[in-house]
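Got your viewer open? Here is a short walk through the model, one selection at a time.

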Amino acid sequence: MKIASVETIPVKHTLKEPFGNGQGWTTSRQYLIVRVTSSDGIAGYGECWGPIAGNDRVVGEIIAPLLIGQDPTDTARLWEQIHFKLRWAYHSFAPYSALSGVDIALWDLKGKLIGQPVHKLLGGAFRDSVPAYATGHYFRRVDRLEDQISAVLQEAKEHLSEGFKTLKLKIGLKLLGWGPEADIALMRALHEEVGSRASLMIDANCAYSLPEAIKVGRAAEELGVSWFEEPLPPDDLDNYVRLSEKLDIPVAAGESWALLSRFHEVFRRQAVSIAQPDVCSAGGITEVKRIADLAHALNVPCIPHVWGTPIALAASLHVLATLPRHALLEFDRSENAIREGLLTRPFAVRPDSTVAVPDGPGLGIEVDEEQLDRFRVAA
Ligand SMILES: [Mg+2]
């Protein structure tokens with residue numbers, strides 16, 4: 001069996017209403033979908049994190065020529081070849097999201113060719129469903145903090161009525177000109193409203209300095225918040241170490257880090273208590289499974305970051321199914337027509353707050369080709 005083609009399919013959905021987090025405003029959802037097709041016409045799908053343009057050129061010009069004619073079931077060997085080529089080509093800043101999307105497509109194709117779900121090929125599933133938490137509660141363009149708070153409370157109640165029992169709140173309101181005190185007020189208001197019915201996490205998307213993060217983290221500890229995500233910029237590892245030493249609340253991060261080698265450094269320095277690699281940017285299923293295995297050996301929960309299409313959801317669920325201890329799925333609830341429309345059978349949270357792990361061959365999902373064309377844009 002040989003790889004016959006590697007295609008890139010850029011997709012984009014412009015939001016009806018932009019929303020913000022601690023880093024900036026989101027106005028559209030865009031992804032590069034990768035389709036790898038074998039010589040007998042079987043296709044596997046993957047997804048690259050981030051802007052379309054760079055990923056499209058890297059997959060088309062560098063990765064695709066390397067893969068044509070190769071055996072698509074050799075996922076680890078192909079991963080090493082791509083990684084070597086990208087590192088050689090780009091030196092210090094290689095586009096690992098391009099590698100990630102191709103790797104996910106290869107796993108999907110490999111599973112379809114062998115007739116087994118990816119979780120089986122990764123060593124077997126510990127569970128057939130994974131508890132999910134709702135990501136949402138983004139910033140609106142409002143003038144008054146009270147309006148931000150009331151919108152968040154309303155949204156939280158909707159997530160609870162859908163079945164979610166765990167919610168993640170976005171903080172870092174300095175984007176709207178407010179300081180950490182506003183974030184603490186927002187967090188306290190949400191805790192007061194739903195804290196008896198739901199577990200809460202907070203995510204600052206790298207908004208703080210170390211003193212600000214300590215202040216917000218201590219307020220979160222008082223409320224029993226489950227984790228404090230990305231309090232600091234990802235390059236500020238020294239202060240992640242200091243913050244984790246000072247706070248009792250678990251510090252979580254990882255969506256902005258790629259590769260096992262980076263996570264090894266993070267774990268060695270005890271910079272975080274929860275690791276959050278993203279399959280679409282950290283190195284694909286191959287590398288996130290390795291990161292999860294290292295985290296398991298060190299008894300650090302690995303809770304992948306997921307913010308993409310249903311391809312990212314499926315790939316993450318397969319990895320999560322194989323984790324021996326902790327498993328929790330990030331289920332983004334913000335506006336994303338691609339997440340809702342790309343599959344013939346979309347993912348949904350069940351009344352018991354879990355999402356089923358797909359059990360068909362490969363990723364176990366069926367991409368709706370008509371919908372894929374509908375979302376398709378020029379690269
Ligand atoms: Mg996050």
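Start with the magnesium ion in this predicted model: its donor residues follow the spacing D-x25-E-x25-E along the sequence. Select Asp203, Glu229 and Glu255 and show their side chains; these are the protein donors, with OD of Asp203 and OE of each Glu lying 2.1 to 2.3 Å from the ion. Now colour by secondary structure. Asp203 belongs to strand S6 (residues 199-203), while Glu255 is in the loop between strand S8 (251-253) and helix H9 (260-268), so this pair ties together parts that are 52 residues apart in sequence. Turn on a surface if you like: both Asp203 and Glu255 are buried.

Stay with that loop between S8 and H9 and pick Trp257. Which residue does its ring pair with? Select Tyr240: the two ring centres are 5.7 Å apart and the planes stand at 65°, so this counts as an edge-to-face pair. Tyr240 sits in helix H8 (residues 237-246), 17 residues away from Trp257, and the pair links distant parts of the chain. Are these two rings buried or exposed? Tyr240 is buried at 0% relative accessible area, and Trp257 is buried too, at 4%.

That pair has company, as a search of the whole structure turns up 10 aromatic pairs. For another one, select Trp49 and Trp307, a tilted pair with 6.3 Å centre to centre and 50° between the planes. Trp49 is in the loop between strand S3 (43-48) and helix H1 (52-67), and Trp307 is in the loop between helix H10 (284-297) and helix H11 (310-321), so here the pair ties together parts that are 258 residues apart in sequence. Trp49 counts as partly exposed because its relative accessibility is 32%. Trp307, at 14%, counts as buried.

Add Phe19 and Tyr138 to the selection, and you have a cluster of four names joined by ring pairs: Phe19, Trp49, Tyr138 and Trp307. Before moving on, show Arg29 as well; its charged end sits over the ring of Trp307, 3.7 Å from the ring centre. You can find another arrangement of this kind at Arg290, where the charged end sits over the ring of Trp79, 4.9 Å from its centre.

Next, the holes. How many cavities of 30 Å³ or more does the search find? It comes back with 3. The largest has a volume of about 80 Å³. To see its walls, select Ala292, Ala295, His296, Asn299, Val300, Pro301, Cys302, Leu323, Pro324, Arg325 and His326. That lining breaks down as 7 nonpolar, 3 polar and 1 charged.

The second largest cavity is about 40 Å³ in volume. Its lining is made of Leu313, Phe331, Arg333, Arg339, Glu340, Pro346 and Phe347. Here the split is 4 nonpolar, no polar and 3 charged.

Last stop: select Leu175, in the loop between strand S5 (166-170) and helix H6 (180-194). Leu175 counts as partly exposed because its relative accessibility is 28%. Then draw a C-alpha to C-alpha distance from Leu175 to Pro51: the two are 22 Å apart in space and 124 residues apart in sequence.

Definitions and conventions:
Residues are numbered from 1 along each chain as its sequence is written. This is a predicted model: local features need pLDDT of at least 70, side-chain atom pairs count only at pLDDT 80 or more; totals for chains, interfaces and linings use all residues. Side-chain values use heavy atoms; hydrogens and water are left out. Donors are N, O and S atoms within 2.8 Å of the metal (3.2 Å for Na, K and Ca); water is not among the atoms, so sites may look incomplete. Helices (H or I, at least four residues) and strands (E, at least two) are DSSP runs, numbered from the N terminus. Buried means under 20% relative accessible area, exposed over 50%, partly exposed in between (1.4 Å probe, protein chains only). On a 1 Å grid over the protein atoms alone, a cavity is a set of points where a 1.4 Å probe fits but cannot get out, and a pocket is an open set with protein on both sides within 12 Å along at least five of seven lines; lining residues have an atom within 4 Å of a point. Grid points are joined across faces, edges and corners, and a volume is the space filled by probe spheres set on the points. Ala, Val, Leu, Ile, Met, Phe, Trp, Tyr, Cys and Pro count as nonpolar, Asp, Glu, Lys and Arg as charged, and the others, Gly among them, as polar. Rings of Phe, Tyr and Trp (its six-membered ring) pair if their centres lie within 6.5 Å; planes under 30 degrees apart count as stacked, over 60 as edge-to-face and the rest as tilted. A charge sits over a ring if NZ of Lys or CZ of Arg is within 6 Å of the ring centre and within 35 degrees of the ring normal.
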